[in-house]
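Colleague: I am new to reading models like this one. Could you pick one sheet for a close look, and then take me on to the place where the chains meet?

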Amino acid sequence: MNSGSDSDSFDEGDLTARGRKAKGKSGSRANEKGKQKAKDQGYAWEATYTRSWDTVQEDEAGSLTGAVAELLARGRRRRLLAPAAAIRRTIIRHLVLLLDLSAAMSDRDMRPTRFDLSLEYAREFITEWFDQNPLGQIGIVGMRGGIGERVCEMSGNPQDVLKAISERHKLEPIGEPSLQNAIEMARSSMSHLPTHSSREMLVIFGSLTTVDPGNIYETLSSCVKDRIRISLVALAAETKICRELCDKTGGTFGVAMNEGHFKDLLFELIPPPAQQHTGAGAGGKMSADLMMMGFPQRLPDTAPAALCVCHAQMRAAGFLCPRCGARLCDAPTDCDVCGLMIVSSPHLARSYHHLFPVKPYSVVTTLDGVTSTTCHACARPLEDTPSANVSEGVSPFDRYRCQDCKSDFCTECDVFVHDVLHCCPGCET
Amino acid sequence: MDRSCHLSLIIDLSPSQWHLSAQPTNPHPLSFQTFLSLVLTFLNSHIAAKHENTLAVFGALPGKSTMLYSSLDADSSNTNDPPADANSYRPFKFVNTIVTKNIQKELDLLEGLTEEPPVTLVGALTMALCYINRLAHPPPGSVATETTTEADARILILSVSPDLSASYIPVMNSIFSAQKLRVTIDVCKVYGEETVFLQQAAHLTGGSYIYLERRDAFLQYLTMSFLPPPSIRHMMAVPRQDKVDFRAACFCHKNIVDIGFVCSVCLSIFCSPVPVCSTCRTKFPMKTLQRLNASRPSIPPANGVSNGSPRPPSARPSQGMSASLR
């Protein structure tokens, strides 16, 4: 797509016709010219805007290998910079997702529209969030027509939450958003939560304005008092009140520059945050609590079918609440009859990697005393000649060493072990 | 459907367990020699099933895991070619020779050991996952062949050793990474008691767990259940384990609990409300204890004894966990 056509809007049919036409015209030169023109005559506010495609530089051979390596190195450095000291993470999380459903969301500066993209990313976010925080709960509040709208009650079941935002036509963007109304609504739904769980809000905000019935700073201070962490991803631009909401409550604020960046900003909020101190009142002590949980019996597929309490449908497979014997479709959830928290042991195990992370591997800069010739994990042959001009934090030999078991790993495995596997292949043997 | 597939085979090479398995007092004694020849037949049929099929073999030895064969690296190392044999198909001969030679080499290294450390399957399992991850991300320099990137991969574990409770967390982590990579884990328990961890691994990744009852029919089990790739399994009635115990055992008495009390900080499970978490030393507020004691079901908790279910081996780490928290 050439950059000239980015600014005007057209429908899908038009798009393909245009694409074909441009291709037919063998437009590589025309394209080049158009890009050049757009760069020269850009708006003033675009000057400080870094385009993602400008930061990626090809090397002399026209290859992108260097740029990719640089990206990898950045990820490594970020991991090394993470605090080594033990931090207590909140494993039990409660999050309210505040979706902007105002007219500003129908802007097409993000393809296809801000609204469609937000919905799509929200779905991916929810799936991934529940994957990493199986004991958490998510609720959804929409902002449109000047009021807050409860789209989904707090629920620990990803299917319920996803179902609430699956019907696009029910969430059609209209009117002005109201930050204050929506935040107050989300706040009231979290007021009963126990202190050991986190209370978080994530706002996806496309508008530059908000219509509030009162002073939003009062809402802000009550959120601070309730220890609610507000994070906000703005789709348009930074505004003072948005920045302040996040800074005062200990959340993160970001403005999405493009589709990819938007997703990154959202997904950064998935790993459980470090627990905040509960303030001076409690003597700075962190709160902890004992929770009662039920471990259900799983019914095999061949069990006689019966009505489930959650959907009132005939089902064979399912779980039995250990306290009241109600039949539930999914775990983890809260029992609909007696309110007991129902989990199965793999759900608890899913959170363990946050509690016992793999230590970062050190960078091997010299081959003195190295005996292994292959990666310990995947048996990939490792380089023995240093590659030139590597950035800081990257091994010239593509070797990373575990400090505990002294095994060497390749870059690919280093990333895989720390991001996915969460246990060191060398230390386990 | 007609895609190539990758098989990572993990062989449990615990000398003592194999010695026990070969005892003539067993109903169906299976010696390691017989086992190996059957496994090699199975590997040959996997290679023969499709030309693009790839293979990796890992060995879990006492206190060590090692790669025994990989079709990716084997092609380049032509130096140790097996002698040409007019009576055998070359690729078969190649796999058989390398696998046998490497097992022999590793077992010879064990000679000097006086005491046998327990076999950790997890090491081999994590290596297999890293290897599959490597297949999914070929290095940028090489030509990415479609077969490697699109192949559906699976792991088959041939286990003879019992569960190791210290490896609960790594096993679970491996299971979740396998889910992410869409890798199926199949388990064949060749000898010894049922292992809960591997049952869970097979169940959570959609594989099948088979306890070998007739060990004289081992090859038939292998070919009928584990040779077809996961993509066509739904058309064949491959036996699966339907009943998997997902209940948890408490950290304090190792009882199987229906309703447990969980520490919000480290997720340790207790069978009754306790004032201090024994794992992370967190103190719990008095108010919760009173509330929880009051709301406990009045009927005595059925700690898995009353309903007659046998107690599986401790499905939870207690030592490993407290050690790593300190």
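Modeller: Happy to! Let's begin with a term: two strands pair if DSSP finds at least two bridges between them. Please keep in mind that this is a predicted model.

With that rule, strand 15 of chain A and strand 16 of chain A, residues 400–401, pair over two bridges in the antiparallel sense. You can find a spot to look at where Ser362(A) stands opposite Arg401(A), a residue of strand 16 of chain A. Now widen the view: in chain A an open sheet of three strands follows the order 15-16-17, again with antiparallel pairing. Strand 15 (362–363) and strand 17 (408–409) of chain A are at the edges and have a single partner strand each, so one side of each has no neighbour in the sheet.

The loop between strand 15 and strand 16 of chain A is worth a stop too, as it holds Asp398(A). Asp398(A) is not a glycine, yet its phi is positive, about 65°. For background, most residues other than glycine have a negative phi, and most peptide bonds are trans. The peptide bond between Arg111(A) and Pro112(A) is cis, with an omega of about -10°. Pro112(A) sits in the loop between strand 1 and helix 5 (114–132) of chain A.

Strand 1 of chain A also takes part in a salt bridge. The side chains of Arg93(A) and Glu200(A) meet there, at 2.7 Å from N to O. Arg93(A) lies in strand 1 (residues 93–100) and Glu200(A) in strand 4 (residues 198–205) of chain A, so this pair links distant parts of the chain, 107 residues apart.

Now to the meeting of the chains. Here 52 residues of chain A are in contact with 65 residues of chain B. The size of an interface is often given as the accessible area lost when the parts come together. Chain B and chain A bury about 4,900 Å² between them, and 65% of this is on carbon and sulfur atoms.

Which side chains meet in a salt bridge across the two chains? They are those of Asp131(A) and Lys180(B), 3.9 Å apart from N to O. The count of salt bridges between chain B and chain A is one, while eight residue pairs are in polar contact across the interface. Several elements of chain B each supply at least two residues of the side that touches chain A, among them strand 3 (64–70), helix 5 (121–136), helix 7 (168–181) and strand 9 (259–263). Helix 7 of chain B gives the largest share, eleven residues. By type, this side of chain B holds 38 nonpolar, 19 polar and eight charged residues.

Your new word, "bridge", returns here as well. Strand 7 of chain A (residues 290–294) and strand 9 of chain B run antiparallel and are joined by five bridges. One of the residues to look for is Met291(A), whose bridge partner is Val262(B) in strand 9 of chain B.

One last stop is an aromatic pair, since the count over all chains comes to twelve of them. Phe35(B) and Phe218(B) form a stacked pair, 5.4 Å from centre to centre with 25° between the planes. Phe35(B) belongs to helix 2 (residues 32–49) and Phe218(B) to helix 9 (residues 218–226) of chain B, and the two are 183 residues apart.

How values were computed. Residues numbered from 1 in each chain as written. Chains lettered and ligands numbered in written order. Predicted model: local features only at pLDDT ≥ 70, side-chain atom pairs only at ≥ 80, totals over all residues. Heavy atoms only, no water. Contact = heavy atoms within 4.5 Å. Buried area = accessible area lost by both parts, 1.4 Å probe. Salt bridge = Lys/Arg side-chain N within 4 Å of Asp/Glu carboxyl O. Polar contact = N/O pair within 3.5 Å; in protein donor to acceptor, adjacent residues only side chain to side chain. Helix = DSSP H or I, 4+ residues; strand = E, 2+ residues; numbered from the N terminus. Nonpolar A, V, L, I, M, F, W, Y, C, P; charged D, E, K, R; others polar. Phe/Tyr/Trp six-rings, centres within 6.5 Å; stacked < 30°, edge-to-face > 60°.
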